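Student: Could you take one part of this model and go through it closely with me? I'd like a connected walk rather than a list.

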Amino acid sequence: MSDAVSPLNGAKYEGFVTVKAMGLQGMITFRGDLSAAKVKKAVKTVAGTDMPGQRECHMSGDTGVAWMSPDELLIFVPYADVDAKLDELHKALEGQHFLAVNVSDARAMFHLEGNGAREVIAKLSPVDMSPNAFGPGEIRRTRLAQIPAAFWMPDTTSVQIVCFRSVAEYGFNLLKTAAEPGSEVGMFA
Amino acid sequence: MLILTCPCCGVAGEETEFAAGGEAHLKRFGPGSDDDQFHDYLFMKENPKGVHLERWRHANGCGKWFLAARNTVTMEVYGTYAAQTYEPPKEIKDKISAKVPGWSWREFS
């Protein structure tokens, strides 16, 4: 079998924050009735965390669940386990109306690390990034300049971004430009 | 610039995160209707100076459709509400009445 490779193969940029293209991450997009007890239970067994509430994101390492819309979740699992986890989901939810698809290779993920991480996002998205408006535990689906993206904060100085693989390079270039040394605004410092 | 609050995901986002979808509360006339009805459905759209009810989609977000009541002159947004409604909810109508007494939009006022 051919080797799976992440879109930018671990590219890295050191600006006033570190921009890193992340490696392979298993992702399952799930659609269904999120309030159903069966669904809650199945998601918990697969992802290991509770069902997130509106715009919440429960992540620990490379597993977790993010709330994408009133009927959609993005489930994170280790890349190698995706097929097994999908089988598990299908088995647990047999007879239920739902959809679960492996989208691991259709997404790109970036990681921003540094004190200016909020600022880099604020330059590119129409989102209030002040610490009292957005923080760890939340996910925000929005746009990054011209492409759709979603991001969350694993801790107060880092941001994780997920976007479509087809626009991975555009996304990386955007983040690089926004993180260029000397372009700090100091808005949230 | 409009600031709309998506009733589906609760995000208060600015205009560029959303996509406008034309007039709200359209009654569709398709097969079985006569030519005049179909013509009116297709072409006779409201284009008011003032209170307007519109469809919007949270395109760069949760992707859901919703309806919004706003003013095309002052750019004020009176409120947003679920797409699965036949008329604007009472609190939004009251809010509009408080700002624009005697307003009307198609059959609503």
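Student: Which residues are buried in helix α4 (residues 168-178) of chain A?

Tutor: A word on conventions before the helix. This is a predicted model, in which local features need pLDDT of at least 70 and side-chain atom pairs count only at pLDDT 80 or more, while totals for chains, interfaces and linings use all residues. Residues are numbered from 1 along each chain as its sequence is written, chains are lettered from A and ligands numbered from 1 in the order in which they are written, and side-chain values use heavy atoms, with hydrogens and water left out.

Now for α4 of chain A: the buried residues are A:A168, A:G171, A:F172, A:L174, A:L175 and A:A178. Buried here means under 20% relative accessible area, exposed means over 50%, and partly exposed is in between (1.4 Å probe, protein chains only). Helices (H or I, at least four residues) and strands (E, at least two) are DSSP runs, numbered from the N terminus. Look down the axis of α4(A) and its buried residues fall within an arc of 160°, so they line one face of the helix; the arc is that of the directions from the helix axis to the C-beta atoms. On the face turned away from that buried side sit the exposed residues A:E169 and A:T177.

Next, α3(A). This helix is mostly covered, with six of its eight residues buried: A:A117, A:R118, A:E119, A:V120, A:I121 and A:L124. The cover over them includes α4 of chain A, along with β8 (107-113), β9, β10 and β11 (158-164).

One of those covering strands, β10 of chain A, holds A:A149. With 7% relative accessibility, A:A149 counts as buried. Setting aside neighbours within four places in sequence, A:A149 is in contact (heavy atoms within 4.5 Å) with A:R140, A:R141, A:T142, A:R143, A:L144, A:I161, A:V162 and A:C163. A:S183, by comparison, is 34 residues from A:A149 in sequence and 23 Å from it in space, C-alpha to C-alpha.

β10 also takes part in an aromatic pair. Rings of Phe, Tyr and Trp (its six-membered ring) pair if their centres lie within 6.5 Å; planes under 30 degrees apart count as stacked, over 60 as edge-to-face and the rest as tilted. By that rule there are seven aromatic pairs over all chains. In one of them, the ring centres of A:F134 and A:F151 are 5.4 Å apart with the planes at 70°, so the pair is edge-to-face. A:F134 lies in the loop between α3 (117-124) and β9 (139-144), and A:F151 in strand β10 (residues 147-155), so the pair ties together parts of chain A that are 17 residues apart in sequence. Both ends are covered: A:F134 counts as buried at 3% relative accessibility, and A:F151 counts as buried at 0%.

Chain B has a pair to set beside it: B:F18 and B:F66 are also edge-to-face, 5.6 Å centre to centre with 85° between the planes. B:F18 is in the loop between β2 (12-14) and β3 (19-23) of chain B and B:F66 in strand β5 (residues 65-71), so this pair ties together parts that are 48 residues apart in sequence. B:F18 and B:F66 are both buried. Both rings also touch B:H58, whose contacts beyond four places in sequence are B:C6, B:C9, B:V11, B:E17, B:F18, B:G63, B:K64 and B:F66. B:H58 lies in the loop between β4 (51-57) and β5 of chain B, and it is buried, with a relative accessible area of 0%.

Back in chain A, let's step out to the domains. An automatic or database domain assignment divides the chain into domain 1 (12-23 + 107-178) and domain 2 (26-105). Their centres, taken over C-alpha atoms, are 23 Å apart. Nine residues of domain 1 of chain A are in contact with 14 residues of domain 2. The area buried between them is about 1,100 Å², 61% of it from carbon and sulfur atoms. A:R107, A:I139 and A:R141 supply 54% of what domain 1 buries against domain 2, more than any other three residues. Buried area in this sense is the accessible area (1.4 Å probe) that two parts lose on being put together, summed over both.
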